[in-house]
Amino acid sequence: MVSCKPKKSTYMSLGIVVLLLFTGLSYLLYDFYHSREFPFLFYLIGSSIITVVLLLVLIKMMAGYKFLAAGKEKIEIWLPLKGQRRKYTLGDLLAWQEEEVVANKKVFKQLILVFSDKYSFAISNHEHLGYDDLRRYLMKKSSKKRVKS
């Protein structure tokens, strides 16, 4: 049974970034309330930028929180934040593709699975554990459905 789940280290580092952004936003609002050392426009623009970045990082964290299990000719996808569980057989898999990008001497890989109900699912090697096992499983069980780029 192949299991792909989010890496804890990725979510720890993103969590630290969220905590730092929230601390910065809190300090900026606290400083505005108590001392107002800077012009009003600085507080307005600064808090707006920090809030937008904070929301983007939170959305990135929530969108990447997904699980996949594959084995016994079945693929199960679980999206806990959406409350969705999708179960497919390998016959429901229309196509799959592996994309590979080299940047800063590191290889970033992503598997994209497309199912018969037009649902697509993407999983990357830097954000999820079990990526290589899933790739090997797909090569073994459904190599004919692979789309080469």
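1. In this predicted model, a useful starting point is W96, which stands opposite L113 in β6. The two strands concerned are β5 (residues 93–103) and β6 (residues 106–115); they run antiparallel and are joined by 10 bridges. As general background, strands of a sheet pair through backbone hydrogen bonds, in either a parallel or an antiparallel manner.

2. The connection between these strands deserves attention. β5 and β6 form a hairpin with 2 residues between them. Within that turn, N104 has a positive phi of about 55°.

3. β6 also pairs with strand β7 (residues 120–124), again in the antiparallel sense, over 5 bridges. Two of the bridge partners may be located in the model: L111 is matched with I123 in β7, and V114 is matched with S120 in β7. The hairpin of β6 and β7 has 4 residues between the strands, and K118 in this hairpin takes a positive phi near 65°.

4. What do the strands β5, β6 and β7 form? They make up an open sheet of 3 strands, in the order β5-β6-β7, with antiparallel pairing. β5 and β7 are the edge strands, each pairing on one side only. On average, neighbouring strands of this sheet are turned by 15° against each other, direction ignored. Helix α3 packs on the sheet and touches β5, β6 and β7; the direction of α3 makes about 50° with that of β6.

5. A further open sheet contains 5 strands in the order β4-β3-β2-β1-β8, and its pairing is antiparallel. Its edge strands are β4 (84–89) and β8 (128–129), each of which pairs on one side only. Strand β1 (residues 2–6) runs antiparallel to β8, and 2 bridges join them. One bridge may be traced from P6 to its partner H128 in β8.

6. Helix α3 (residues 131–141) should be considered with this sheet as well. α3 lies across β1, β2 (67–71), β3 (74–79) and β8, and runs at about 145° to β1. The helix therefore deserves inspection beside both sheets, given its contacts with β5, β6 and β7.

7. Turning to the other helices, α1 has 27 residues. From its first C-alpha to its last, α1 reaches 38 Å, close to the 39 Å expected at 1.5 Å a residue. Just after α1, R36 takes a positive phi of about 50°. Helix α2 (residues 40–63) has 24 residues and reaches 35 Å between its first and last C-alpha, close to the 34 Å expected at 1.5 Å a residue.

8. Which residues of α1 are buried? They are T10, Y11, V18, L21, L25, L28 and D31. The elements covering them include β1 and α2. In α2, the buried residues are Y43, G46, S47, L54, V57 and M61, and their cover includes α1 (8–34). In general, an α-helix has 3.6 residues a turn, so residues three or four places apart point the same way.

9. How are α1 and α2 arranged with respect to each other? Two packed helices are described by the angle between their axes and the distance between the axes. Here, the axes of α1 and α2 come within 10 Å and cross at roughly 160°. Angles over 145 degrees count as roughly antiparallel, and α1 and α2 are therefore roughly antiparallel to each other. The crossing in which α1 passes α2 is left-handed.

Conventions
Residues numbered from 1 in each chain as written. Predicted model: local features only at pLDDT ≥ 70, side-chain atom pairs only at ≥ 80, totals over all residues. Heavy atoms only, no water. Expected span 1.5 Å × (residues − 1). Buried < 20%, exposed > 50% of the residue type's maximum accessible area, 1.4 Å probe, protein only. Contact = heavy atoms within 4.5 Å. Pairing = 2+ DSSP bridges. Axes fitted to C-alpha atoms, helices over the stretch in contact; angles between N-to-C directions. Parallel < 35°, antiparallel > 145°, perpendicular 65-115°, else oblique. Left-handed = near helix turned anticlockwise from the far one by under 90°.
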